[in-house]
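This report walks through the inside of one protein chain, then turns to a few single residues. Have the sequence and the coordinates open as you read.

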Amino acid sequence: MAERLAIVVGAAAMGEAVAERLARDGYDLILCDPRDPREAAGRIAKAGGTVLPVSGPLEDPEELCRTLAPVLREAGHDAVDAIVYTLLPDDAFTPRALAGLSPAQWQRLAEDPVRHGLTVLQPARELLLPRTGRFVLVLPSVALEGAADLVPLATAAETLRALAKSAARRWAADGITVNFVTPDVFAYGAEHLRGTDVDRGEAVFREPSTPRDVADAVSLLLDPAAARLTGTTLIVDGGALMTP
């Protein structure tokens with residue numbers, strides 16, 4: 001059993017890369033996803049990580065706590081050192097004209113992701129408080145710059161960023177930090193968006209960012225040396241935006 005425990009929410013490529021990096025950093029892991037995370041957890045375990053998969057809907061924070069309680073005991077921990085939120089809808093990067101979005105599509109792509117993130121944020125303070133832990137959200141950089149045909153994704157991502165900034169202010173007195181890593185869409189493998197509104201073509205690094213690059217940035221924010229960083233956004237886009 002490791003001394004530290006991290007919960008990674010989202011078992012797609014981005015979440016798996018983060019979990020792999022944290023396993024190398026010496027964390028025990030809980031990999032949580034409404035979809036079945038066992039396949040990703042199995043790959044991380046084969047690479048030497050200690051990981052417990054948890055599946056189930058992210059609709060109710062109290063239900064989430066009830067689900068996590070026995071898993072924490074199984075992992076041999078009574079508190080959490082880090083929570084990293086990476087969850088997005090499977091088709092979040094499919095371009096859709098705003099005028100053509102149905103109410104059901106808007107709920108699934110814009111409102112549901114906010115509810116899922118809020119479900120994780122609400123119990124996070126109590127989970128992190130005993131170890132003055134860290135919370136990191138990985139959100140695409142369209143949260144900062146917008147995107148003509150990715151409006152639901154941009155809306156959900158920026159809303160989650162605003163919610164988490166409020167948490168950063170409230171939790172700072174407890175020593176809990178809340179920070180953000182914002183990769184460009186190509187770090188998610190969305191190569192079909194080359195030449196579209198989100199492709200600024202201004203990155204100074206030739207090679208596109210990868211999930212591993214994002215995972216390295218998450219690891220940086222969890223390092224003890226980053227204890228004074230909160231409400232901070234690290235942009236992993238090869239130098240395209242260079243904001244502020």
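## Cores

The largest nonpolar core holds 35 residues, and Ile-83, Phe-135 and Leu-137 have the most contacts inside it. Helix α6 (residues 151-171) gives the most to this core, six residues. A nonpolar core here is a set of buried Ala, Val, Leu, Ile, Met, Phe, Trp, Tyr and Cys residues joined through side-chain atoms within 4.5 Å. Buried means under 20% relative accessible area, exposed means over 50%, and partly exposed lies in between (1.4 Å probe, protein chains only). Helices (H or I, at least four residues) and strands (E, at least two) are DSSP runs, numbered from the N terminus.

The model is predicted: local features need pLDDT of at least 70, side-chain atom pairs count only at pLDDT 80 or more, and totals for chains, interfaces and linings use all residues. Residues are numbered from 1 along each chain as its sequence is written, and side-chain values use heavy atoms, with hydrogens and water left out.

What does Ile-83 touch, not counting residues up to four places away in sequence? Its partners are Ile-7, Val-120, Ala-124, Leu-127, Leu-128, Arg-134, Phe-135 and Val-136. Contact means heavy atoms within 4.5 Å. There is also a second, separate core of 28 residues, with Ala-17, Val-18, Leu-31 and Val-138 among them.

## Cavities

Rolling a probe the size of a water molecule over the atoms shows where empty space is left. A cavity is a set of points, on a 1 Å grid over the protein atoms alone, where a 1.4 Å probe fits but cannot get out; lining residues have an atom within 4 Å of a point. Grid points are joined across faces, edges and corners, and a volume is the space filled by probe spheres set on the points. How many cavities of 30 Å³ or more does this rule give? The count is two.

The largest cavity holds about 60 Å³ of space. Its lining consists of Ile-7, Val-9, Cys-32, Leu-64, Leu-68, Ile-83, Val-120, Pro-123 and Leu-127. β1 (4-9), α3 (61-75) and α4 each supply at least two residues of this lining. The largest share, three residues, comes from α4. By class, the lining has nine nonpolar, no polar and no charged residues. For this count, Ala, Val, Leu, Ile, Met, Phe, Trp, Tyr, Cys and Pro are nonpolar, Asp, Glu, Lys and Arg are charged, and the others, Gly among them, are polar.

The second largest cavity also has a volume of about 60 Å³. Pro-89, Ala-92, Thr-94, Arg-96, Leu-109, Asp-149, Leu-150, Pro-152 and Leu-153 line it. This lining has six nonpolar, one polar and two charged residues.

## Two buried polar side chains

Thr-119 lies in helix α4 (residues 103-128). Thr-119 counts as buried because its relative accessibility is 2%. Its side chain reaches the backbone oxygen of Leu-58 at 3.2 Å. Leaving aside neighbours within four places in sequence, Thr-119 is in contact with Leu-58, Glu-59, Asp-60, Pro-61 and Leu-64.

Asp-237 sits in the segment after β7 (233-236). Its relative accessible area is 5%, so Asp-237 is buried. Beyond four places in sequence, Asp-237 is in contact with Asp-184, Ala-203 and Ser-209.

The polar contacts of these two side chains are tabulated below. A polar contact is a pair of N or O atoms within 3.5 Å; within protein, one must be able to donate a hydrogen and the other to accept it, and residues adjacent in sequence count only if both atoms are side-chain atoms.

| Side chain | Backbone partner | Distance |
|---|---|---|
| Thr-119 | oxygen of Leu-58 | 3.2 Å |
| Asp-237 | nitrogen of Gly-239 | 3.0 Å |
| Asp-237 | nitrogen of Leu-241 | 2.9 Å |

## Loop residues

Thr-132 has a positive phi of about 40° although it is not a glycine. Thr-132 is placed in the loop between α4 and β5 (134-138). Is Thr-132 buried or partly exposed? With a relative accessible area of 43%, Thr-132 is partly exposed.

Ala-172 lies in the loop between α6 and β6 (177-183). Ala-172 is partly exposed, at 40% relative accessibility. The C-alpha atoms of Ala-172 and Thr-132 are separated by 9.7 Å, with the two positions 40 residues apart along the chain counted as their separation.

Gly-189 is in the loop between β6 and α7 (211-222). Its relative accessible area is 51%, so Gly-189 is exposed. Gly-189 and Met-14 are 175 residues apart along the chain, and their C-alpha atoms are separated by 9.6 Å.

Note on methods
On a 1 Å grid over the protein atoms alone, a cavity is a set of points where a 1.4 Å probe fits but cannot get out, and a pocket is an open set with protein on both sides within 12 Å along at least five of seven lines; lining residues have an atom within 4 Å of a point.
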